[in-house]
Amino acid sequence: MKLLFIITAVVAGMMLPLQAVLNSALGASIKQPLFAAFASFLIGTITLFIALLIIKFDFYSIVQTKSAPPIVWLGGVIGAFYVWIVIVATPILGASLTFTTLILGQMLISIMLDHYGVFGLPVVEISLSRIAGVLLILFGIFLIKKF
């Protein structure tokens with residue numbers, strides 16, 4: 001089962017640069033990257049709503065979200081920032097450099113989130129091998145930028 005999630009995550013990761021290129025092209029065509037981010041989220045929201053209808057989601061269950069800590073709602077704000085920055089950065093840096101720098105940022109925060117077991121994540125302490133992995137990503141950024 002874990003292998004299925006790994007493969008699915010790889011495929012989803014492959015979609016992010018494609019999404020960046022499509023959203024950047026939309027932003028360039030209308031000369032407003034922020035609107036392109038808005039359009040991406042609007043279409044994504046409609047898609048997710050249709051998916052909820054297909055799985056017959058019990059919308060009444062939403063009242064259970066009262067027990068969630070308020071900070072969890074910042075995920076949408078973070079997602080909006082991420083998509084907007086990707087739309088702006090991709091035409092300037094290219095897809096490879098944009099996404100390797102994003103991966104560096106993701107790995108830096110991921111290592112900290114794992115180390116402290118934030119929001120119930122399994123605790124995985126920072127180790128030399130994890131630090132080496134981040135340094136290899138940093139070296140990859142250098143190689144992509146140089147060549």
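**Notes on the predicted model: Ser61, helix 3 and the empty spaces**

1. Ser61 first: its relative accessible area is 18%, so this serine is buried, given that the cut-off for buried is under 20%. Keep in mind throughout that this is a predicted model. As for where Ser61 sits, look in the loop between helix 2 (33-54) and helix 3. Its side chain has a polar atom 2.6 Å from the backbone oxygen of Asp58, and a pair of N or O atoms counts as a polar contact within 3.5 Å.

2. On to helix 3 (74-93). Does its length add up, or what should its 20 residues span? At 1.5 Å a residue the answer is 28 Å, and the end C-alpha atoms are 27 Å apart, so the two agree. The expected figure uses one less than the number of residues, in case you try to reproduce it.

3. Which residues of helix 3 are buried? They are Val83, Val86, Ile87, Ala89 and Thr90. The cover over these buried residues includes helix 1, helix 2 and helix 4 (95-116). Just after helix 3 comes Gly94, with a positive phi of about 90°.

4. Now the enclosed space. Searching the whole structure for cavities of 30 Å³ or more turns up 1, and the volume of the largest cavity is about 30 Å³. Its lining is made of Gln19, Ala20, Asn23, Tyr82, Val83 and Val86. Helix 1 (2-30) and helix 3 (74-93) are the elements that each give two or more residues to that lining. By type, the lining splits into 4 nonpolar and 2 polar residues, with no charged ones. Val83 and Val86 are worth a look here: both line the cavity, and both are on the list of buried residues of helix 3.

5. Then the open space. The largest pocket has a volume of about 200 Å³. Around it you'll find Gln19, Ser40, Phe41, Gly44, Thr45, Leu48, Phe49, Leu52 and Val83. Which element supplies the largest share of this lining? That would be helix 2, with 7 residues. The pocket lining divides into 5 nonpolar and 4 polar residues, and again no charged ones.

6. A last thing to check in the viewer: Gln19 and Val83. Both residues appear in the lining of the largest cavity, and both also appear in the lining of the largest pocket. Val83 is a buried residue of helix 3 as well, so if you color by feature, expect Val83 to carry several labels.

How values were computed:
Residues numbered from 1 in each chain as written. Predicted model: local features only at pLDDT ≥ 70, side-chain atom pairs only at ≥ 80, totals over all residues. Heavy atoms only, no water. 1 Å grid on protein atoms, 1.4 Å probe; cavity = no way out; pocket = protein on both sides within 12 Å on 5 of 7 lines; lining within 4 Å. Points joined across faces, edges and corners; volume = space filled by probe spheres on them. Helix = DSSP H or I, 4+ residues; strand = E, 2+ residues; numbered from the N terminus. Nonpolar A, V, L, I, M, F, W, Y, C, P; charged D, E, K, R; others polar. Buried < 20%, exposed > 50% of the residue type's maximum accessible area, 1.4 Å probe, protein only. Polar contact = N/O pair within 3.5 Å; in protein donor to acceptor, adjacent residues only side chain to side chain. Contact = heavy atoms within 4.5 Å.
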